[in-house]
Amino acid sequence: MRRPTVAAGVVAGLRSYLAAHGIDADAMVLAADIDGAALDDPDARIALARYLTLMRLASHALDDPVLALHYGAHVPMAEVSILGLIMEASTTMAGALHQLQRYGSLALELDDGRDEPALRLQHAAGRLLLVDTRPLDTPRELIDEAFARLVCGPRRFLSQPHVLAVHFTAPELEHHAEYERVLGCPVMVGATANMLELHPGVADWPVAQHPPYVRALLTARADELLDLPEAPQHYRDRVEHEVRARLHEGEVSATSIAERLHCSRSTLYRQLNAEGTSLTRIVDQVRRDLALEHMAKRTASVRQVAYLTGFSDPAAFSRAFRRWSGESPSAYRDRASSP
C-alpha cells in the first residue's frame, strides 16, 4: 500500500494563498519539509503528512482555525488540479460529479485499500447525497477543504445553489457560524456520514466551461496519470462505452446494451439507477457530446454527424442539437470555428 499523497498543485495553491495573506510562504513550505521545486509540476505527488503539516503551520501563523475551509472556498479545484479542469469541462453537473468519482484520487490519494471513490453519489429517501466514504478519522482539514471547494467553486457558473445543506458527523462545530457563512447553506452536525445534500435536479444543470475537445485532452492525460486500464471500471462507464461504440448503428436499446454487458435488462436498469442515472440519459449525453465534438471540428457534414450520433433523420438531429446547445448545428459550427 502506497503512502497517502496530495497533488503538488494543491500544495502550490496553498503556498500562493499564504503569500497573498502576507506569509513568507516559501519559508513555511520549507518548514513543512516540502521541496519547493517539486511544486512546479502540479501533477507531482507530495506526501499528505507534509501537506497537513504545512496547513497546520499556516493555520497557526494566520490565527485561522478553519484555514482549510477558507482556502477551499477561495481557490477553485480547477486552479490546483487537473480534476477541477475535467469537472468544469463536463457538459452537465451529472458529468462533473461522475468525473469527481472517477478521478478524485488525482487531487488526494489516501490509498486505504477500499475499492470505491472517496465521494460517492447516493439516493436516499428522495434526497440526492454526495457522501464522503473515507474513514471517520480522516483529518478535519481534508473534509473542510474538499467540501468548501465543492460548494463554493460551482457558484462561479451555476445560476442557483446546488447544495441544499452540508452534514458533518462531528457532534458540534466550534466555528459553526463561520461554516454557514462560508458555505452559504445550513450546516448540520451529528450526521451518520459527512455529506453534501444536493439539489434533486442538479444532474441536468449545464457546466461546459471548456470546449469538448479540451475535455478529451484532459481525460486522456488523467488516464495517463492514473494508469487506468482501457476497460472502464464503473457501471456507467461500461454502458457509456457500449453506447459510444454503437450509436452509428441506429437506436441503442436496453436489450442490446444488456446483451453486450452479459446481464439482464432489469440488472442494467438497477445498476444505473444506483449510480443516479439511466440509459436514456446516458444515450442523450453521449449523443450530445459527440455531436458537439464533431461540429466543432468541422470534419463532417450535418448529415454525417446525424448518422454518427444515431439519427436517421437530419431534421430530428437538428432539433436535438438545438435543445442541447440553443442553436442550429451550422450556427454552432460557425461560432466554434471563428477566431
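This briefing goes through the confidence of the model, several of its helices, and a number of single residues. The structure is a predicted model, in which the protein chain averages a pLDDT of 87 and 93% of the residues score at least 70. Residues 228–233 call for caution, since the pLDDT there is below 50, and beyond near neighbours in sequence this stretch has six contacts in the model.

**Helix 7 and helix 8**

- The axes of helix 7, which spans residues 140–152, and helix 8, which spans residues 176–183, come within 10 Å of each other and cross at roughly 30°.
- On the side of helix 7 the contact is made by Arg-140, Asp-144, Phe-147, Ala-148, Val-151 and Cys-152, while helix 8 contributes Tyr-179, Val-182 and Leu-183.
- Sorted by character, the residues of this contact comprise seven nonpolar and two charged ones, with no polar residue.
- The buried residues of helix 8 are Tyr-179, Val-182 and Leu-183, and because they cover an arc of only 85° around the axis, they sit on the same side of helix 8.
- The face of helix 8 turned away from the buried side carries the exposed residues Ala-177 and Arg-181.
- The cover over the buried residues of helix 8 includes helix 4 (67–74), helix 7, strand 6 (163–167) and strand 7 (187–188).
- Just after helix 8 comes Gly-184, which takes a positive phi of about 70°.

**Helix 10 and its surroundings**

- Helix 10, made of the twelve residues 235–246, reaches 17 Å from its first C-alpha to its last, which is close to the 16 Å expected at 1.5 Å a residue.
- Its buried residues are Tyr-235, Arg-236, Asp-237, Val-239, Glu-242, Val-243 and Arg-246, and they pack against helix 6 (93–103), helix 11 (254–260), helix 12 (265–274) and helix 13 (279–297).
- His-241 also has its place in helix 10, but it counts as partly exposed because its relative accessibility is 44%.
- The C-alpha atoms of His-241 and Ile-257, which are 16 residues apart along the chain, are separated by 10.0 Å.

**Helix 12**

- In helix 12 the residues Thr-267, Leu-268 and Leu-272 are buried, and seen down the axis they fall within an arc of 125°, so they line one face of the helix.
- In general, an α-helix has 3.6 residues a turn, so residues three or four places apart point the same way.
- On the other side of helix 12, Arg-270, Asn-273 and Ala-274 are exposed.
- Among the elements that cover the buried residues of helix 12 are helix 10, helix 11 and helix 13.
- Gly-276, just after helix 12, takes a positive phi of about 75°.

**Buried single residues**

- Ala-291 lies in helix 13 and is buried, with a relative accessible area of 0%.
- Leaving aside neighbours within four places in sequence, Ala-291 is in contact with Val-305, Thr-309, Phe-317, Phe-321 and Trp-324.
- The C-alpha atoms of Ala-291 and Pro-329 are separated by 8.7 Å, although these residues are 38 residues apart along the chain.
- Glu-327 is found in the loop between helix 15 (314–325) and helix 16 (329–337), where it counts as buried because its relative accessible area is 17%, under the cut-off of 20%.
- Not counting neighbours within four places in sequence, Glu-327 is in contact with Phe-321, Arg-322, Tyr-332 and Arg-335.
- Ser-59 belongs to helix 3, residues 48–62, and is buried, with a relative accessible area of 17%.
- Apart from residues up to four places away in sequence, Ser-59 touches Asp-64, Pro-65 and Leu-67.

**Positive phi outside glycine**

- Asp-33, found in the loop between helix 2 (25–31) and strand 2 (45–47), has a positive phi of about 65° although it is not a glycine.
- With a relative accessibility of 49%, Asp-33 counts as partly exposed.
- Asp-63, found in the loop between helix 3 and helix 4, has a positive phi of about 55° and is likewise not a glycine.
- Asp-63 is exposed, with a relative accessible area of 67%.

Technical notes:
Residues numbered from 1 in each chain as written. Predicted model: local features only at pLDDT ≥ 70, side-chain atom pairs only at ≥ 80, totals over all residues. Heavy atoms only, no water. Axes fitted to C-alpha atoms, helices over the stretch in contact; angles between N-to-C directions. Helix = DSSP H or I, 4+ residues; strand = E, 2+ residues; numbered from the N terminus. Contact = heavy atoms within 4.5 Å. Nonpolar A, V, L, I, M, F, W, Y, C, P; charged D, E, K, R; others polar. Expected span 1.5 Å × (residues − 1). Buried < 20%, exposed > 50% of the residue type's maximum accessible area, 1.4 Å probe, protein only. pLDDT = per-residue confidence, 0-100. Arc of directions from axis to C-beta.
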